[in-house]
Amino acid sequence: METVESISLYYKPTWVVAAVCFVIILISLFAERGLNHLGKCLTHSNQDALFEALQKLKAELMLLGFISLLLNVFQGLISQICIPSHFESTMLPCKKHTEIKGHENYSPPAINNERHLLSEKSGNFSDHCSLQGKVPLLSTESFHELHILIFVVAIVHVVSCAVILVLGRARIRQWKPWEDSISTVPAGPAKVTHRHHLNNVLKKLAWGYWRRAAVISWIISFFKQFYSSVTMSEYIALREGFIMTNCLSHQEFDFHKDMVESLERDFRHVVGISWYQWLFAVVFLALNVEGWHTCFWLSFLPIVLLLLVGAKLEHIIVRLAQDVDVMKKHPGQESAWVRPSDEYFWFNRPRLLLDFIHFILFQNAFEIAFFFWILWTYGFHSCMMEKKGYIITRLIIG
């Protein structure tokens, strides 16, 4: 009883409570003011798509905070729900190591960062259920661990989204010299340049009997994503096709700037967390059973989808080149250009590829967050970490 009283707010100095509250509020205000300042900067620089992405990110953080709040509010009620003890012995992430000594069960020492406060508090709920010969549905300690998981998922998701945007912009920035080199060429010589680069694309991707075979073209597309996703010739050919198809009257159209704006619009979509991604997280937690190696096998899912999406995007370039090559063989079509179309995407839906990328980002972020959550909560040598070979493989894939 003395231990419980000593850890209650009844017996804590007021300056300690005030100091802790002050620090938490200060950190929260800094984060809130920082996001507002970032939003104002994006508005002043006319970055409307990024501003909407920031608003969506704030909404997701608010949702995570609301989930955490619900866990706090209902943890007492849920902890009083009792279930038969044999229900707690199925689908465990770790095996229970107990030895029977006389008529008592002996439990191993607690994990290195056990919260004695929560253990003492949850003891009342355990006694309530033990009187009925049952066990609590979820202990107070488990609620605290779920709070940590939500916090880690939020941090990793925000960081991964920011990293993806930075890497995407860095990739597109590499193509800026190509845009400058072609936009400064007069109309007459520009046509010759376009023809030259288009012929280079056709020579590499379309000419030859074997390249037209579906299997060969897919193999070429799969390996091409590793060493040269977009070459200068492909960029200029795609640029010409986009301008000729969508803005024929504006030959000086800044294709590079349009791609940057498209990246920002797409980022607005992938920064959120959809309902099916939350469903995946719940299924992931349910299947994290000892001996199933769920974390290890699911870590292959994002990289498989990533390679599939990358190969598909490369295959679209190959298809565009092959169709131009076919058109050029018809009379009067010698000056044919690349013609972008939705028909080159799965089910004529470009958005489907973006949905795949969205899922890849969340699933990978959740995998990394789950690893750091186990490391933080249970330690590196926890049974939930599994073997070192599994851990190293998951980290490399992530």
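## The loop before helix α14

At 48% relative accessibility, N348 counts as partly exposed, since buried is reserved for values under 20% and exposed for values over 50%. In this predicted model, N348 is placed in the loop between α13 and α14, and its phi is near 60°, a positive value in a residue other than glycine. F347 lies in the loop between α13 and α14 as well, and although F347 is not a glycine, it has a positive phi of about 55°. With a relative accessibility of 72%, F347 counts as exposed.

P350 has its place in helix α14, which spans residues 350–377. The relative accessible area of P350 is 31%, so this proline is partly exposed. When residues up to four places away in sequence are not counted, P350 touches D342 and F345.

## The chain as a whole

The chain contains 15 helices and four strands, and of its 398 residues, 35% count as buried. Among the contacts with a separation of 6 or more, 76% are accounted for by residues 24 or more positions apart. The chain exposes about 24,200 Å², and carbon and sulfur atoms supply 67% of that area.

## Helix α13 and its lysine

K312 is found in helix α13, the helix that covers residues 300–328. Is this lysine buried or exposed? Its relative accessible area is 6%, and K312 is therefore buried, the limit for that class being under 20%. Leaving aside neighbours within four places in sequence, K312 is in contact with W218, Y344, F345, W346 and L353. One of these partners, W218, is 94 residues from K312 in sequence, while the two C-alpha atoms are 8.1 Å apart in space. F345 is listed among the contacts of K312 and also among those of P350.

S299 lies in the loop between α12, residues 294–298, and α13. A relative accessibility of 3% means that S299 counts as buried. Beyond residues up to four places away in sequence, S299 touches E367, R394 and I397.

## Helices α3 and α5

Helix α3, residues 48–79, packs with α5 at an angle of about 170°, and the axes of the two helices are 9 Å apart. Because an angle over 145 degrees counts as roughly antiparallel, α3 and α5 are assigned to that class. On the α3 side the contact includes L50, L57, L61, L64 and I67, and on the α5 side the residues include F143, L146, I150, A154 and V158. Polar side chains take part too, among them S68, N72 and Q75 of α3 and H147 and H157 of α5. By class, the residues of this contact divide into 14 nonpolar, seven polar and one charged.

L149 also lies in helix α5, which runs over residues 140–173, and its relative accessibility of 7% means that L149 counts as buried. Apart from residues up to four places away in sequence, L149 touches L285, F370 and W373. The C-alpha atoms of L149 and A369 are separated by 7.6 Å, although the two residues are 220 residues apart along the chain.

## Helices α9 and α10

Helix α9, residues 232–246, and helix α10, residues 255–270, pack at an angle of about 85°, with their axes 11 Å apart. This angle falls in the range from 65 to 115 degrees, so α9 and α10 are roughly perpendicular to each other. Which residues make the contact between α9 and α10? Y235, R239 and F242 come from α9, whereas F255, H256, D258 and M259 come from α10. Sorted by class, the contact of α9 with α10 has four nonpolar, one polar and two charged residues.

## The buried face of helix α6

In helix α6, which consists of residues 176–183, the buried residues are W178, E179 and I182. Seen down the axis of α6, these buried residues fall within an arc of 100°, so they line one face of the helix.

Technical notes: Residues are numbered from 1 along each chain as its sequence is written. This is a predicted model: local features need pLDDT of at least 70, side-chain atom pairs count only at pLDDT 80 or more; totals for chains, interfaces and linings use all residues. Side-chain values use heavy atoms; hydrogens and water are left out. Buried means under 20% relative accessible area, exposed over 50%, partly exposed in between (1.4 Å probe, protein chains only). Contact means heavy atoms within 4.5 Å. Axes are lines fitted to C-alpha atoms, for helices over the stretch in contact, and angles run from 0 to 180 degrees between N-to-C directions. Angles under 35 degrees count as roughly parallel, over 145 as roughly antiparallel, 65 to 115 as roughly perpendicular and the rest as oblique. Ala, Val, Leu, Ile, Met, Phe, Trp, Tyr, Cys and Pro count as nonpolar, Asp, Glu, Lys and Arg as charged, and the others, Gly among them, as polar. The arc is that of the directions from the helix axis to the C-beta atoms. Accessible areas come from the Shrake-Rupley method with a 1.4 Å probe; for residues, only the protein chains shown count as cover.
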